[in-house]
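Colleague: Please take a close look at one helix and the turn of chain that follows it. Then walk me outward from there to the other parts worth checking.

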Amino acid sequence: MKLKIYNTMSRQKEEFVPLMEDSNYNWPKKDFVWMYSCWPTVYRDPSIWNYRATFTADLIRNTLKLFWYKVVSVMNITDVGHLTSDADDGEDKLEKWAKREWISVWEVAKKYENIFMKGMKALNIDTFDVMPKATDHIAEQISLIQKLEEKAYTYEVPGDWIYMDTSKVENYWELMWPNYKKRLEDLNAWIRVDMWGKKNPTDFALWKFNVTGQKRDMERDSPRWIWFPGWHIECSAMSSKYLGEQFDIHHWWADHITVHHSNEIAQSECGFGVHPWVKYWVHNEFLQVDWGKMSKSLWNVYTLEDVQKRWYSPLDLKYFYFMAQYSNFQNFTWEQLDVAKNTRQALIRKLQWREELKDRKEFENDPFFKEAMEAVSDNINTPKLLAIIQSSLNNVNENTYAIITFFENNFLKLWLFEEQEKVEIPSEVQELAQKRREAKKNKDWNTADSLRDQLTSLWWKILDRPDGFDLEKI
Ligand SMILES: [Zn+2]
């Protein structure tokens, strides 16, 4: 069975063939799939929107492992140079927050990085293999800018910015092509206001020089490179350092397609002289709240803390994420989180004491396993996988629990077994269920039905098994 994944670059679901298996590439780094994810800028409490992207990075990594790939995963930590607007104006986000909280930018970065790492842990998401910080990689960023300067892809607005000249970039529109016209229209409307010395509206900053003489917290002492990099350059510099100048998968949310990722491609392909820089562009779609955008003015920028304050487990939120395919929009409401919580709790009850470890070889030909893998192979169709798991419990065979355990341990990681509590079954209930089983054996359907009704009136549900029955609290 082959994994198929939606590649934003081709606008198609493609069979996943990593560089190491692709004869079109002379790929020296055998044995691994190399993937990179951007990261939210660490300057405020991450929202459930941010966590959907992190969840997706983990999802892609776990999916690759289900298909026997070994993975090297990098997720960057943006702690410098991200301005308040994604265009090249406004203040540095971190500096703005530092002023507000009366602490240094370093403290802001550290504080929110810690909160994010804690959040990942609460969602049962392992750390990524390398989590480099932008501030630790200024030299790499400068060296890439120098390469671009040598190849004449840049120009300087003296004492202000170094810009990337996008008119010299072949196929600059490639990743965003259906949206390119719209982006140009937006930019053209904007440039009537100010071009900041740019030659083309799509040009973007690689480096900001100090024009004000004002001292910044994050300052360096090189004669030329004294202020800060533009925020696109860090991803190109860090990914190439850890993954090489070409790699398999680049992921983050769809919001970045038209600006950030298109700019990353431009500077990497021009700087490193490769095409394509990345083979698969994977994007998770937006998370909406109450069918609208999350916004501070609507008081709906929910964080993990908000979720926990309302007595939900972070794993309920994780279950909620699984309920939509990563590549689709998902709408968050507290009612939907309730659905996720109740479904997860019901699943935990059904799995009571049934954790079963078996070697994958033992159930690989089981139709349930095949069907479940089929769902994952189809662009990671998690809602379908959940439905398949649910229905497998209505028709249990000797592999069912081992297969669910396998998915839980390797893919879902929802604490389905850890959070179980032992439910005491009253002897009266146990007796009624036993009598019903006898009645069924004797084909006395009327008695069996009436016994089932009695159980229901006591709030117990009986689930028939080939070898007996299970009792579940309603
Ligand atoms: Zn990035």
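Modeller: Start just after helix α7, where Gly273 takes a positive phi of about 65°. Keep in mind that this is a predicted model. Helix α7 itself covers residues 257–272. How many of its 16 residues are buried? The count is 12, so the helix is mostly covered. Among the buried ones are Thr258, His261, Ser262 and Asn263. Glu264, Gln267 and Glu269 are buried too, as are Ile265, Ala266, Ser268, Cys270 and Gly271.

Now follow the chain past Gly273. The loop between α7 and β10 (278–284) holds Pro276. The peptide bond from His275 to Pro276 is cis, with omega near -5°. Most peptide bonds are trans, and most residues other than glycine have a negative phi.

Two tryptophans go against that phi habit. One is Trp68, with a positive phi near 70°. Trp68 comes just after α1, in the loop that leads to β4 (70–75). Trp68 has 8 other C-beta atoms within 10 Å, so it is exposed. The other is Trp311, whose phi is also positive, at about 70°. Trp311 sits in the loop between α8 (304–309) and α9 (314–322). It too is exposed, with 8 other C-beta atoms within 10 Å.

Step back from Trp68 into α1. Of the 19 residues in α1, 16 are buried, so the rest of the structure largely encloses this helix. Its length checks out. At 1.5 Å a residue it should span 27 Å, and its end C-alpha atoms are 26 Å apart, which agrees.

Helix α1 leads to the core. The largest nonpolar core has 96 residues. Helix α1 (residues 48–66) supplies 9 of them, the largest share. Why does this core lie between two domains? Domain 1 (4–147 + 168–173 + 229–284) and domain 2 (296–412) both give residues to it, so it lies between them. Ile48, Leu206, Ala372 and Phe407 have the most contacts inside the core. Beyond its neighbours in sequence, Ile48 is in contact with Leu287, Tyr302, Thr303, Leu304, Val307, Leu317 and Phe332.

Next, a sheet. It is open, has 4 strands in the order β5-β6-β7-β8, and pairs antiparallel. Its edge strands are β5 (154–157) and β8 (228–229), each paired on one side only. Strand β7 (residues 204–208) is joined to β8 by 2 bridges. Trp207 has Pro229 of β8 as its bridge partner.

Near the end of the numbering, look at Asp470 in strand β14 (residues 468–473). Asp470 has 17 C-beta neighbours inside 10 Å, so it counts as partly exposed. It touches Leu463 and Arg465, leaving out residues up to four places away. Gln352 is 118 residues from Asp470 in sequence, yet 9.8 Å away in space, C-alpha to C-alpha.

Last, the whole chain. It has 16 helices and 14 strands. Of its 474 residues, 38% count as buried. Among contacts with a separation of 6 or more, 73% link residues 24 or more positions apart.

How far can you trust it? The average pLDDT is 86, and 86% of the residues score at least 70. Over residues 81–90 the pLDDT is below 50, although this stretch has 28 contacts in the model beyond near neighbours in sequence. Where pLDDT is low, the predicted coordinates should not be read in detail.

Notes
Residues numbered from 1 in each chain as written. Predicted model: local features only at pLDDT ≥ 70, side-chain atom pairs only at ≥ 80, totals over all residues. Buried ≥ 20, exposed ≤ 12 C-beta atoms within 10 Å, placed from the backbone. Contact = placed C-beta atoms within 7 Å. Core = buried A, V, L, I, M, F, W, Y, C linked by C-beta atoms within 7 Å. Domains from an automatic or database assignment. Pairing = 2+ DSSP bridges. Expected span 1.5 Å × (residues − 1). pLDDT = per-residue confidence, 0-100.
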